[in-house]
Amino acid sequence: MTANNLIAELASSSAAERVHEHLERAWSAPQYTPEQQQHYKERIREQLQRHNAVLVAHYYTDPLIQALAEETGGCVADSLEMARFGKEHKADTLVVAGVRFMGETAKILTPHKRVLMPTLEATCSLDLGCPADEFAAFCDQHPEHTVVVYANTSAAVKARADWVVTSSIALDVVDYLDRRGEKILWAPDKHLGHYIQKQTGAKDMVLWDGACIVHEEFKARGLEDLKALYPEAAVLVHPESPQPVVDLADVTGSTSQLIRAAQTLPNQEFIVATDQGILYKMQQLCPDKTFYVAPTAGSGASCRSCASCPWMAMNVLENLADVFERTDNEIQVAPELGRQAMIPLQRMLDFRK
Ligand code: SF4
């Protein structure tokens, strides 16, 4: 099922309409000439310095942007590490290349800093599919459940939660809560929720019905075919993928965990089921190894999210170069909302210590 089919199937739901509407507005990254690349990169470097700012990029962004973040003293990481890095860095301004909830998380953790993004239009189907008012009503229906939400949510949804987790810590937190006998309400990614429930054996877990349009498209049949072609390759899968795909994995984990697996496993070849932007870091850390993108349902120009998040792709050199000149790209989180959202976020940070 392609992203469009997924949306069609859910056409009656308002979440699907929101995802569709936002996808319509997503743009593709332009092909820059080497001269253009040079021009934008120099301009971004100069602007970061002039504004005492640091560039923080997600593993799924364009490799050009990831390289620039590293070259300018910023970081490339998963959403939690991005926020943590931004908090600890001495810069006054954080330029967050990623999707909107990542900018919000950075702002919640660091309310006194200015947080800018190349575009606030870059969003996430999990965030869009979990509006705060509908989510609050869902929580109200399950008042005896501990509310655990994934980082891919708005500040308002985080503020309604007891815990915020990333994919790298979700298993441990749910396992901890289950052992304490707590009932769990999980949102928004149903595939990750099913995976966690299966791994932890959590007895009482209700799930919100959300999905990532990128990971949803990985297909078990195609993956089996690719495995047959490269029998020595280890299969690395992000748990936002559907269960039949996860079942074929040698390693299932968060972006950071998959990168670590690429480094530590003895295999020379890997099939990777997550956004292909991650291959930049894997190839950088393992230059002698070979990485293949896991097959998706779609291909060619008709595919909007073939192992490539259409919203991550909206971060381009051009809008990064004028990030300080615009007035429509600063992340704002109301102080009281930020304080409420910080409580479950802090719980996760303390849990990890
Ligand atoms: Fe959201 Fe999926 Fe894109 Fe990540 S890859 S930002 S989960 S839509």
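The domain assignment splits the chain of this predicted model into three parts: domain 1 (3-124 + 312-321), domain 2 (126-212 + 335-352) and domain 3 (215-302). Domains 1 and 2 are each built from two separate stretches of sequence, while domain 3 is a single run. Between domain 2 and domain 3, the centres, taken over C-alpha atoms, sit 26 Å apart. Their contact involves 10 residues on the domain 2 side and 12 on the domain 3 side. As for what domain 2 puts into that contact, the tally is 4 nonpolar, 5 polar and 1 charged.

Next comes the ligand. Its shell has 13 residues, and the closest are Cys124, Ser125, Cys212, Val214 and Cys309. By type, that shell comes to 10 nonpolar, 2 polar and 1 charged. Both domain 1 and domain 2 give residues to the shell, so the ligand lies between these two domains.

Zooming out to the chain as a whole, the secondary structure amounts to 17 helices and 12 strands. For 353 residues, a compact globule would be expected to have a radius of gyration near 20 Å, and the chain agrees, because its own value is 20 Å. Along the principal axes, the C-alpha atoms fill a box of roughly 55 × 55 × 40 Å. Burial covers 48% of the 353 residues. If one takes the contacts between residues at least 6 apart in sequence, 65% of them join residues at least 24 apart.

On the inside, the largest nonpolar core gathers 106 residues. Leu55, Val56, Val95, Val96, Val148, Val174 and Leu236 are the ones with the most contacts inside this core. In soluble globular proteins, nonpolar side chains do tend to be buried together. Val56 makes a handy example of how such a core residue is surrounded: with neighbours within four places in sequence left aside, the contacts of Val56 are Ala69, Gly74, Cys75, Met82, Phe85, Gly86, Leu94, Val95 and Val96. Two of these contacts, Val95 and Val96, are also on the list of best-connected core residues.

Helix H5 (residues 79-88) belongs to the same neighbourhood, with Met82 and Gly86 among the contacts of Val56. The buried residues of H5 are Ser79, Leu80, Met82, Ala83, Arg84 and Gly86. An α-helix has 3.6 residues a turn, so residues three or four places apart point the same way. The partners that the buried residues of H5 pack against are strand S1 (53-58), strand S2 (75-77), strand S3 (93-97) and helix H6 (100-109).

A few backbone details in the loops round things off. The peptide bond from Ala187 to Pro188 is cis, with omega near -5°. Pro188 belongs to the loop between strand S7 (183-187) and helix H11 (190-200). Positive phi values outside glycine turn up at Asn52, where phi is near 45°, and at Ala307, where phi is near 55°. Asn52 sits in the loop that links helix H3 (34-50) to S1, and Ala307 in the loop between strand S12 (290-293) and helix H16 (317-321). Their surroundings contrast: Asn52 counts as exposed because there are 10 C-beta neighbours inside 10 Å, whereas Ala307 has 23 inside that radius and therefore counts as buried.

Note on methods
Residues numbered from 1 in each chain as written. Predicted model: local features only at pLDDT ≥ 70, side-chain atom pairs only at ≥ 80, totals over all residues. Helix = DSSP H or I, 4+ residues; strand = E, 2+ residues; numbered from the N terminus. Rg over C-alpha atoms; globule rule 2.2 N^0.38 Å. Buried ≥ 20, exposed ≤ 12 C-beta atoms within 10 Å, placed from the backbone. Contact = placed C-beta atoms within 7 Å. Near = placed C-beta within 6 Å. Nonpolar A, V, L, I, M, F, W, Y, C, P; charged D, E, K, R; others polar. Domains from an automatic or database assignment. Core = buried A, V, L, I, M, F, W, Y, C linked by C-beta atoms within 7 Å.
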